[in-house]
Amino acid sequence: MKNLFIAANWKSNKTAIEEHEWVSKFALSVGDIISDVIKVPIVICVPYTVLQNMKQQVDQAKLPVFIGAQNISKFDEGAYTGEVTGKMIKEHAAWVIVGHSERRKYFLETDSDIAAKMEKAHAAGLKVIYCVPDENTPVPPGADVVGYEPVWAIGTGKTDSPENANTVIASIKKKTGATTVLYGGSVTNDNAALFVRQPSIDGVLIGGTSLDPDKFARLVREVTTGVQ
Ligand code: PGA
């Protein structure tokens, strides 16, 4: 069996109350498969404002999931109003997503900004999911996990075909030396297993479907059993 990896990206969704509800429901839904999935890293990337609560809740429930942020400052601490540093994130999380297409599009992040963010993340002891929209976007050496997410597939209900995603991911691996590469973009309960059955795809990055704890727990089950 290959080494699977599952990541969730809540984006700009969920208050602290909603986060609490999500974790409670997820713990119930995922309970019966916990021993199967314990070896599969599951990283849930949430808004900064719920990192602390989520960490406490996950620790208390002994849920085998890692917590991630969705962005990080490219600077160290100091006079950078509104920015959240790697050191701050590391108090509550183990991972961070950098280079998501929405950050590139709405916040005009460049490849060099994103590379700087990865450097700060690593300096703080965080692991990085480095997102790219295609195989031609550079990935600096050292990304822990790469996410291939075609822009047109994000939140649209249209996915890349599993076969084409596999070809692109194989090419990303060849070009960058990355060993763990995920597919993301409209992954649902109906199609997740089709992606992870492809030989080069190591897992999935889930946006919309991860907002519902029951659907996400089911997806974890589908993905972990889908490749056995
Ligand atoms: P989606 O988002 O699953 O809602 O398409 C994926 C992502 O942007 O990470």
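Here is a short note on the ligand site and one pair of helices in this predicted model.

1. A good place to start is the ligand. Its surroundings are made up of Asn9, Lys11, His100, Glu149, Ala153, Ile154, Gly155, Gly185, Ser186, Leu205, Gly207 and Gly208. By character, this shell holds seven polar residues, three nonpolar ones and two charged ones.

2. Next, look at the polar atoms facing the ligand. Lys11 places a polar side-chain atom 2.8 Å from a ligand oxygen, and for Asn9 a polar side-chain atom is 3.5 Å from an oxygen of the ligand. Gly208 takes part through its backbone, where an N or O atom sits 2.8 Å from a ligand oxygen. On its own the ligand would expose 280 Å², and the protein buries 94% of that area.

3. Now turn to the helices. Helix 1 covers residues 16-30 and helix 3 covers residues 51-61; the two pack with their axes 10 Å apart, at an angle of about 20 degrees. Angles under 35 degrees count as roughly parallel, so helix 1 and helix 3 are described that way.

4. One last detail on this pair: where helix 1 passes helix 3, the crossing is right-handed.

Note on methods
Residues numbered from 1 in each chain as written. Predicted model: local features only at pLDDT ≥ 70, side-chain atom pairs only at ≥ 80, totals over all residues. Heavy atoms only, no water. Near = heavy atom within 4 Å. Polar contact = N/O pair within 3.5 Å; in protein donor to acceptor, adjacent residues only side chain to side chain. Areas by Shrake-Rupley, 256 points an atom, 1.4 Å probe, with all protein chains shown as cover. Nonpolar A, V, L, I, M, F, W, Y, C, P; charged D, E, K, R; others polar. Axes fitted to C-alpha atoms, helices over the stretch in contact; angles between N-to-C directions. Helix = DSSP H or I, 4+ residues; strand = E, 2+ residues; numbered from the N terminus. Parallel < 35°, antiparallel > 145°, perpendicular 65-115°, else oblique. Left-handed = near helix turned anticlockwise from the far one by under 90°.
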